[in-house]
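I opened this entry to record what I looked up, place by place, before going back to the bench. I kept to a few sites and wrote down what each one showed.

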Amino acid sequence: VVRFTYFSSENRVSERVAEPLCLLFRERAWYVCVFDRKKSREMVLRASRIRDLHVMEETFERTMQEDPMASYTLQRVVLRIDAECAFRAFDEFPEKDIRPQPDGSFLIDEEMPVNEWLTGYLLSFADGLEVIEHATLRTALKEKIHSMQKKYDKQVSGS
């Protein structure tokens, strides 16, 4: 059994006592599947948000009851990554999903979770990436870029 402080994506800090059940890598980050004793349910927590981890003397016997990926809907996404970002294509995507193109770019054809996390991740490529397929994701990126542009078009006071 472990005790730790957890920082949620909603900026909430909580003290937890949990039974760690498995380690999971998804959305290019590590997660810990736990049975949270206070909430009396299984949860998936991002490992990098866990602080002050203490292993307690108490042990437990429990196995996962739910598939941590069951609520995780994947959809087909096709991306074009510019030649200048080739290292990221090979660092971050399975080789079987990478197709070199005659112009030096790469097409990535992969099942991905289409969510806010993916939008932010794809924006980290700046202008080195274009979403080819998944219309909803393409629209979400355009809206996010437009919103960002409006922020930078504002005159900053004191400048």
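For my own reference, strands here are DSSP runs of E with at least two residues, and they are numbered from the N terminus. I also note at the outset that this is a predicted model.

**Entry 1: a surface patch.** I looked up F25 and found that its place is in strand β2, which covers residues 13–26. I then asked whether F25 is buried, partly exposed or exposed. Its relative accessibility is 47%, and because partly exposed is the class between 20% and 50%, F25 belongs there. F25 also joins L23 and W30 in making a nonpolar surface patch of about 360 Å².

**Entry 2: R16 and D36.** Staying with strand β2, I turned to R16, which is found in that strand, and to D36, whose place is in strand β3 (residues 29–36). The two residues are 20 apart along the chain, yet I read a separation of 7.0 Å between their C-alpha atoms. D36 has a relative accessible area of 1% and is therefore buried, and R16, at 10% relative accessibility, counts as buried too. What does the side chain of R16 make with the side chain of D36? I found a polar contact between the two side chains, at 3.2 Å. The side chain of D36 also reaches the backbone nitrogen of K39, at 2.9 Å.

I then listed the surroundings, leaving aside neighbours up to four places away in sequence. On that basis D36 touches R16, V17, A18, R41 and M43, while the contacts of R16 include V2, R3, F4 and Y6 as well as D36, K39, M43 and L45.

**Entry 3: helix α2.** Next I went to helix α2, residues 116–123, and asked which of its residues are buried. I noted L118, T119, Y121 and L122 as the buried ones. Looking down the axis of α2, I saw that these buried residues fall within an arc of 165 degrees, so they line one face of the helix. I reminded myself that an α-helix has 3.6 residues a turn, so residues three or four places apart point the same way.

I also wrote down what the buried residues of α2 pack against, namely β6 (75–81), α1 (86–92), β8 (106–112), β9 (129–133) and α3 (135–153). Finally, at the start of α2, I found a side-chain oxygen of N115 that reaches to within 3.2 Å of the backbone nitrogen of W117.

How values were computed: Residues numbered from 1 in each chain as written. Predicted model: local features only at pLDDT ≥ 70, side-chain atom pairs only at ≥ 80, totals over all residues. Heavy atoms only, no water. Patch = residues over 30% accessible without salt bridge, like charges linked within 9 Å, V, L, I, M, F, W, Y side chains within 5 Å. Areas by Shrake-Rupley, 256 points an atom, 1.4 Å probe, with all protein chains shown as cover. Salt bridge = Lys/Arg side-chain N within 4 Å of Asp/Glu carboxyl O. Helix = DSSP H or I, 4+ residues; strand = E, 2+ residues; numbered from the N terminus. Buried < 20%, exposed > 50% of the residue type's maximum accessible area, 1.4 Å probe, protein only. Arc of directions from axis to C-beta. Contact = heavy atoms within 4.5 Å. Polar contact = N/O pair within 3.5 Å; in protein donor to acceptor, adjacent residues only side chain to side chain.
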